[in-house]
Amino acid sequence: MTDILSMRAYAKINLGLEVISRRDDGFHELVTVLQTVSLFDEIAVAPADALTLRCDRKGMTGERNLVWRAADLLQKESGTAQGAVIDLIKTIPIVAGLGGGSSDAAATLRSLNALWKLDLDTPQLAELASQLGSDVPFFLQGGTQLGTGRGELLEPLPTPDGQWLVIVSPDIRVPGKTPALYGRLGPDDCTDGSTTAKLTEALRSGEAIPEECMVNAFERVADDAFPGLDRHRAVMLKAGAEQVHLSGSGPSLFSLVRSESAGVALRRRLGGLGFHGIVVQTVTSEEQN
Ligand code: C5P
């Protein structure tokens, strides 16, 4: 029997995202609350002599794919002579502010660490993850975490367990999306992190998520950057969403709902208006691992 290891790579939303300042190294200093949700890609790895990446979607198997880069980095850094066949099944919308590529990369590091019996611990994996992207370290543990620095300095928070959400992920492509969105931010979009501190405090006290504290620095620039985003937002409100939030640098939007049935009802009304809603629930770090 061949050893095949498979793992879910969950999507994330940002419950809050404040940009504090632009740094000299070209990154931005953030305060963000990241949350994994029950929408996932799947990664399966099997032993092989060389590295091969297969994917159920076209155009995803090149050497620029973060899964490939994660495998290559781990292989080089560990000095292992082992290879692997990596199968990636994509469900998370691509370049959508849901962290799909970053989550796939983190799942690749964890899967190959196990397959190749490298025994790297989480801080060692986190060091490699941060070389792959600012969001990648978060996905090693997932759940709910406060991210600072460029998003790679993490502190676990209690998960608002069982919170249901509806995601709408508009298919609006912007070349070089993440740097382009950061590039649109001006000094007025920078805040001091105090709103996210209130959000964090509420989560630590086990209170309901204070929606008024769910701010996102990209809100001001997103409608200009993503043509048609405002229409998606308007349709979500028309379908009965109470508040609509942007995830990460967009363009995915999400709304908190009271229950699964409220989520399903919202999805149905969105469908009636010709829009696709995805009903998800928060995932804790324990559920992921
Ligand atoms: O870290 P990651 O590869 O995801 O970042 C992609 C780009 O997004 C960076 O090159 C930078 O332009 C921008 N970025 C930023 N500040 C962050 C994270 C990303 O300016 N905290």
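A salt bridge, for this talk, is a side-chain nitrogen of Lys or Arg within 4 Å of a carboxyl oxygen of Asp or Glu. By that rule this structure, which is a predicted model, has 13 salt bridges. I will go through some of them, but the strands come before that.

Let me start with the hairpin. Strand E1 covers residues 5-22 and strand E2 covers residues 28-48; the two run antiparallel and are joined by 16 bridges. If you want one pair to look for on the screen, take Leu5, which stands opposite Val45 in E2. As a general point, side chains in a regular strand alternate between the two faces of the sheet. Between E1 and E2 there are five residues, and in that turn Gly26 has a positive phi of about 90°.

Now stay at that turn for the charges. Which residues are linked in a network of salt bridges? They are Arg23, Asp25 and Glu29. Within that group, the side chains of Arg23 and Asp25 meet with an N to O distance of 2.8 Å. Asp25 has 47% relative accessibility, so Asp25 counts as partly exposed.

E2 also carries a salt bridge of its own, between the side chains of Asp41 and Lys90, at 2.5 Å from N to O. Asp41 sits in strand E2, while Lys90 is in the loop between strand E4 (83-89) and helix H2 (100-115). The two are 49 residues apart, and the pair links distant parts of the chain. Is Asp41 buried or exposed? Asp41 is buried, because its relative accessible area is 0% and the cut-off for buried is under 20%. Lys90 is buried by that cut-off too, with a relative accessible area of 8%.

Next, the open sheet. Four strands make it up, in the order E8-E9-E7-E10, with antiparallel pairing. The edges are E8 (245-246) and E10 (278-281), each of which pairs on one side only. Inside the sheet, E7 (residues 164-168) and E9 (residues 253-257) run antiparallel and are joined by five bridges. One pair to find there is Leu165 with its bridge partner in E9, Leu256.

Two helices go with this sheet. Helix H8, residues 229-238, packs on the sheet and touches E7, E8 and E9. The direction of H8 makes about 15° with that of E9. Helix H9, residues 260-272, lies across E7, E9 and E10 and runs at about 20° to E7.

H8 brings us back to salt bridges. The side chains of Arg233 and Glu219 meet at 3.0 Å, N to O. Arg233 lies in H8 and Glu219 in helix H7 (residues 219-225), so this pair ties together parts that are 14 residues apart in sequence. Arg233 is buried, with a relative accessible area of 16%, whereas Glu219 is partly exposed at 24%.

Last, the cysteines. How many disulfides does a search of the whole structure find? Zero. Cys213, for instance, is in no disulfide: the nearest cysteine sulfur is that of Cys190, 19 Å away. A disulfide here would need the two sulfur atoms within 2.5 Å. Cys213 has 7% relative accessibility, so Cys213 counts as buried.

To recap the charged pairs: Asp41 in E2 goes with Lys90 in the loop between E4 and H2, and Arg233 in H8 goes with Glu219 in H7. At the hairpin end, the network is Arg23, Asp25 and Glu29.

Technical notes: Residues are numbered from 1 along each chain as its sequence is written. This is a predicted model: local features need pLDDT of at least 70, side-chain atom pairs count only at pLDDT 80 or more; totals for chains, interfaces and linings use all residues. Side-chain values use heavy atoms; hydrogens and water are left out. Buried means under 20% relative accessible area, exposed over 50%, partly exposed in between (1.4 Å probe, protein chains only). Two strands pair if DSSP finds at least two bridges between them. Contact means heavy atoms within 4.5 Å. Axes are lines fitted to C-alpha atoms, for helices over the stretch in contact, and angles run from 0 to 180 degrees between N-to-C directions.
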